[in-house]
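User: Please examine the model shown below. I should like to discuss its strands, its nonpolar interior and its pockets.

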Amino acid sequence: MTIDKKQPETFFATPGRVGKAELSEQAWAVSVNPIVRGLMQSIGGLFAVLNRQRQIIAVNDALLGSLGISDIAKVLGIRPGEAFDCLYAKEMAGGCGTSRYCVTCGAAVAIVSCLGENRPVEQKCALQSGTNGNLRDICFRVKASPLDIGSERVILLFLQDITALERWAALERMFFNDIGNTISAIHAAAATALTAKQHRRQESIHVVHRLAERLAREFALQKALTQQDIGEMLVAPSPVYPEQILCELLDIAHSHPAGERRTIRIDGVTPSRR
């Protein structure tokens, strides 16, 4: 095996790569292997085969399609992060897997662990793809599994795009957090209205009303999100005034149990409407 003599600096995985001649031999050996050929024909998801240097030596049509290319020659010899145009793939001369950020990359960890421990390893990988400010977040569930082909060990890399699932999970966490805070504030304001004197009672009733409106808006938004694909939703901009936001935040903070016996004051001048 011949590896490039110049070894760039690395913070995680080995930076060396094999040359074109050996890469071609490896790609041919993989292409005629019955196990790999069977996987190529049967797997509908994203699938690639890597050599020990983490270079791509085979990919299926689904992965090529996700990259928006049709010529496999464009990805042979590069690494997964480079194929997906990861923001940090060019951070170091050694490329994908060698930057300080790669230490926490699920794909890099899965591949390196698979090679070192000779067992399948599954991780979650989140990356930013793109350049010149045109970035997009992608999240994969990655499984790296070792396979010996003759005297060479390769890595079978299975990728599942879970970007939409992760985005939905994040929105769901935000929803339940907001709903929980608003319900706690409504409960506290209603309790105050039951026991307070007349002037405080009226104030608490108004607070309950405003918080109930906020709760209704949150519920309507979540219902809309569940009925549509998040990526297909149309945004309808409408003006939001600073004093309105501050008022809602103060309602929640004053009525929330965590705000009990605390004084909340806004310093400075609230920006005016325009």
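User: Which residue in E5 is the bridge partner of Leu46?

Analyst: This is a predicted model, in which local features need pLDDT of at least 70 and side-chain atom pairs count only at pLDDT 80 or more, while totals for chains, interfaces and linings use all residues. Residues are numbered from 1 along each chain as its sequence is written, and side-chain values use heavy atoms, with hydrogens and water left out. Strands (E, at least two residues) and helices (H or I, at least four) are DSSP runs numbered from the N terminus, and two strands pair if DSSP finds at least two bridges between them. E1 and E5 run antiparallel and are joined by five bridges; within E5, the partner of Leu46 is Leu159.

User: How many bridges join E4 to E5?

Analyst: In this pairing, Leu147 stands opposite Val154 of E5. The hairpin of E4 and E5 has two residues between the strands, and Gly150 there takes a positive phi near 65°. The two strands run antiparallel, and the number of bridges joining them is ten.

User: Which element gives the most to the largest nonpolar core?

Analyst: A nonpolar core is a set of buried Ala, Val, Leu, Ile, Met, Phe, Trp, Tyr and Cys residues joined through side-chain atoms within 4.5 Å; buried means under 20% relative accessible area, exposed over 50% and partly exposed in between (1.4 Å probe, protein chains only). The largest core has 28 residues, and those with the most contacts inside it include Phe140, Leu157 and Leu159. Elements giving two or more residues to this core include strand E1 (46-50), strand E4 (136-149) and strand E5 (152-161). The greatest contribution, five residues, comes from H5.

User: Which residue in E1 is both the bridge partner of Leu159 and in contact with Phe140?

Analyst: Contact means heavy atoms within 4.5 Å. Leaving aside neighbours within four places in sequence, Phe140 touches Phe84, Cys125, Leu127 and Leu159, among others. Another residue in contact with Phe140 is Leu46, and the bridge partner of Leu159 is likewise Leu46.

User: How many nonpolar residues are in the lining of the largest pocket?

Analyst: The largest pocket is lined by 25 residues, with Cys86, Cys105, Ala107, Cys125 and Leu127 nearest its centre. Helix H4 (80-83), H5, E3 and E5 each give two or more residues to this lining. By class (Ala, Val, Leu, Ile, Met, Phe, Trp, Tyr, Cys and Pro count as nonpolar, Asp, Glu, Lys and Arg as charged, the others, Gly among them, as polar), the lining has one charged, six polar and 18 nonpolar residues.

Conventions: 1 Å grid on protein atoms, 1.4 Å probe; cavity = no way out; pocket = protein on both sides within 12 Å on 5 of 7 lines; lining within 4 Å.
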